[in-house]
Every structure is written in C-alpha cells, then in structure tokens.
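Trainee: I am new to this structure. Please take me slowly through one part of it, the strand pairing, and then show me what else is worth a look.

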Amino acid sequence: MADNELPMNLREDNVSEETKKLISSLPTDKDCVGKLCKYQGCWYYYNTLQGVINFQNNFQAQETDIILASSPKSGTTWLKALTVALLERSKHHDGHPLLSDNPHALVPFLENNLYLKSSTPDLTKYSSSSSPRLFATHMPLLTVKEGLKGSPCKIVFMCRNAKDALISLWYFRCKYQKLEMTRGILESMFESLCSGVSFYGPIWDQVLSYWRGSLEDPSRVLFMKYEEMKEEPYAQLKRLAEFFGCPFTEEEEESGGVEKILELCSLPSLSDLEINKSGKNVNGVDYKFYFRKGEVGDSKNHLTPEMESKIDMIIEEKLKGSGLSF
Ligand code: A3P
C-alpha cells in the first residue's frame, strides 16, 4: 500500500508548520507503518499528533461529556456500542441508532477523527438535549485531561491483555493495508510492542495512566477490562450504568433490560448488520474489520511460548507495585 493510501491518521501529510517545529523537538522513531514521535510520553504518527494538538488547543468540553478511552484493539467498538445502548435505552423503540450506524460513527474519536482534519470540527451533530455527548480516544489520561481543561467529564477506560490486542491488531492492520498476514509483520509488531515504540505506546504507560486516575478519583474514571466484560457481562454492564449515574431499575432488570442491551451489542448481532458489513469509517477503513473473533486467549494460537513469556515479563515488570495486572 502506497503512503497516500494509508488511513489519514497514520500518515504525515497534514501537519502544520507549528506542529512540524514541535516534532523537531520531540523524540522520533519509526515502525513498520510510518514515522512516530513521542509527545507527553506517548508515540503518535505525525497526522495523529496534529489531531492531538488540535484537540488540546480547541476542544471545549461540556461537564456532561463522556469520554470512552481504550488501548487500540481492546474492545473499543464494544464499549462504544454498550454506552450508546445504555444511554439510549429509554428511547428508540424502533429505529435504534446502532441498527443504522456503526459505533465508531456514533462515538467519534477525538484525535484520529474529529480533530484530525480540522482544528474546529462541527460538533453540533453530537449534541442532543437529552443525552450527553460521547467521544472516544486512545490518548493517555494526562493528555486527555489537558484538552478537558478542568471539566469534570466522566471517563471510561477499556483495557485488554496486550498479547490478544497484538494479535487483533495484526489481523486488523493486514486487512486494511491489504497485506498478506506474514510472520515477519507479526514479529515486527511484537518488537514494537516490547520496545514501547508503537502507536499509542508504551502500552503499559497508557494503561497505568488510567489505572492511577481511577484509583485517585473513582467517581470520574472507571477502569474496565475486556476479559471481565467477556466473563461477567451482566455485572459489568450494571457497573457501567451505575458509573454513568443511570443504574438499571429493578423493573428493567426483571423485564430483561440488561440482556437486551448485551444481545444488541454482541459481536454476532453487530457484525451481522448491513451498515457493519458494508460501511467504512472516516479514514476509509471497512467497518467489518472491527469485528473478528472476540475471544480471550487467541494469542496462544499465534505467538510462540517465547514471545508470550517476553510480553508477560515486560508487562509484569512495568506494572510492579501498581496493583494492576492485565
Ligand atoms: P479480535 O481481533 O481478538 O477478535 P477495537 O474495537 O478496540 O478495535 O477491538 C477490536 C476487538 O474487539 C476485536 O478482537 C473484535 O473482534 C472485538 N470486538 C468487536 N466488537 C465486539 C463485541 N461487540 N463484543 C466483543 N468483542 C468485540
């Protein structure tokens, strides 16, 4: 795939003179996709950095905004769908937004969608008098907070085992770049993960930023795990609803309201919708690539035992003393 065919967020052709100057003062490196620079402790492709800067300089938060944060390939699509379904549950007896739009269109990314192309994107279509605005991000917590400028928005973070997220990214990247799925590509992505020089990496720093934020202020930052969502979806969905201040009523529970949302947002249901079979996101990536197996432990089928134990050792070492494991 030629450089100009890459999704816009991975390219380097939309950077202002000011951001170029900033990049020249930052640590830089590259991975198998393109050039990266490290800003506020996190590695970005250059166009995405422009989106981060645009967001930090121009976003005007509303107190009721909700930010859905995650590491790439950690269940972002699922979290977006569940949040939309939760907050919309008393409306839309027919014509539910999830039936006609992909979760990524309903909950846009700040830095690699809204603020990627414009420093002043039109956010009016995300406002409604009855629901909070929903936005998504992969930026670490401190970078997000800088853009929120003191606004007390609620933030949910979804984390996933780094080995499964790596395999998920390998599949995803090869699909949208139309590459053959070779061991060479996987090995190069593995090296990037381990060295920390990877898009939105180091993953341990990104995850720890939200983990610490959730310990400091649990009413503001909710820390969730993909594996726990898979293991006990009913309890985790209730936890999410309580965090948003809209817990399920007894009546809702008794009438199957929780199960209804879980069913609507399940991988088989979402991936079977026409919009998710044939649509594309703003960066030209097919929505169907966001849905694959959705299993815990698939990395075992692809990584060698040596690769697995190297990732385990690094993550364990980096998280030591934090009280977190993932
Ligand atoms: P796999 O590639 O392991 O199957 P993201 O949404 O952050 O891009 O993450 C994509 C991963 O979440 C993929 O994992 C995908 O299959 C899985 N996924 C997508 N929708 C899901 C859903 N509704 N429920 C559970 N997992 C889902």
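Mentor: Start with a rule. Two strands count as a pair if DSSP finds at least two bridges between them. Keep in mind that this is a predicted model.

Now apply the rule to strand E4, residues 66–70, and strand E5. Four bridges join E4 to E5. The pair runs parallel. To find the match by eye, go to Ile66. This residue stands opposite Leu134 in E5.

Stay on E5, which spans residues 134–137. Which way do its side chains point? Look at them in turn. Leu134 and Ala136 point one way. Phe135 and Thr137 point the other way. Both sets are buried.

Next, strands E1, E2 and E3. E1 covers residues 28–30 and E2 covers residues 35–39. Three bridges link E1 and E2, and the two run antiparallel. Asp29 has Leu36 as its bridge partner in E2. A hairpin of four residues makes the connection from E1 to E2.

Leu36 also leads onward. Its bridge partner in E3 is Tyr45. E3 covers residues 42–45, and four bridges join E2 to E3, again running antiparallel. The hairpin of E2 and E3 has two residues between the strands. Gln40 takes a positive phi near 50° in that hairpin.

Now leave the strands for a helix. Leu116 sits in helix H6, residues 110–117. Is Leu116 buried or exposed? It is buried, because its relative accessible area is 0% and the cut-off is under 20%. What does Leu116 touch, apart from neighbours within four places in sequence? The list includes Met8, Asn9, Asn14, Thr48, Gly51, Asn54 and Asn283. Asn47 is in contact too. The C-alpha atoms of Leu116 and Asn47 are separated by 6.9 Å, although the residues are 69 apart along the chain.

Then a loop. Asn281 lies between helix H16 (274–278) and helix H17 (305–319). Its relative accessible area is 13%, so Asn281 also counts as buried. Beyond its neighbours within four places in sequence, Asn281 contacts Tyr287 and Tyr290. With Tyr290 there is a polar contact: the two side chains meet at 3.0 Å.

Last, the ligand. How many residues surround it? There are 18, and the closest are Lys73, Thr76, Thr77, Ser168 and Gly294. By class, the shell has seven nonpolar, seven polar and four charged residues.

Look at the ligand's oxygen atoms. A polar side-chain atom of Lys73 lies 2.7 Å from one ligand oxygen. A polar backbone atom of Ser74 is 3.0 Å from an oxygen of the ligand. A backbone N or O atom of Gly294 lies 2.6 Å from a ligand oxygen. How much of the ligand does the protein cover? On its own, the ligand has 570 Å² of accessible area, and the protein covers 97% of this. Two elements give two or more residues to the shell: helix H3 (76–87) and helix H15 (267–271). H3 supplies the largest share, three residues.

To follow this on screen, begin at Ile66 and Leu134. Then trace Asp29 to Leu36, and Leu36 to Tyr45. Finish at the ligand with Lys73 and Gly294.

Methods. Residues are numbered from 1 along each chain as its sequence is written. This is a predicted model: local features need pLDDT of at least 70, side-chain atom pairs count only at pLDDT 80 or more; totals for chains, interfaces and linings use all residues. Side-chain values use heavy atoms; hydrogens and water are left out. A residue is near a molecule or strand if one of its heavy atoms lies within 4 Å of it. A polar contact is a pair of N or O atoms within 3.5 Å; within protein, one must be able to donate a hydrogen and the other to accept it, and residues adjacent in sequence count only if both atoms are side-chain atoms. Accessible areas come from the Shrake-Rupley method with a 1.4 Å probe; for residues, only the protein chains shown count as cover. Ala, Val, Leu, Ile, Met, Phe, Trp, Tyr, Cys and Pro count as nonpolar, Asp, Glu, Lys and Arg as charged, and the others, Gly among them, as polar. Buried means under 20% relative accessible area, exposed over 50%, partly exposed in between (1.4 Å probe, protein chains only). Contact means heavy atoms within 4.5 Å.
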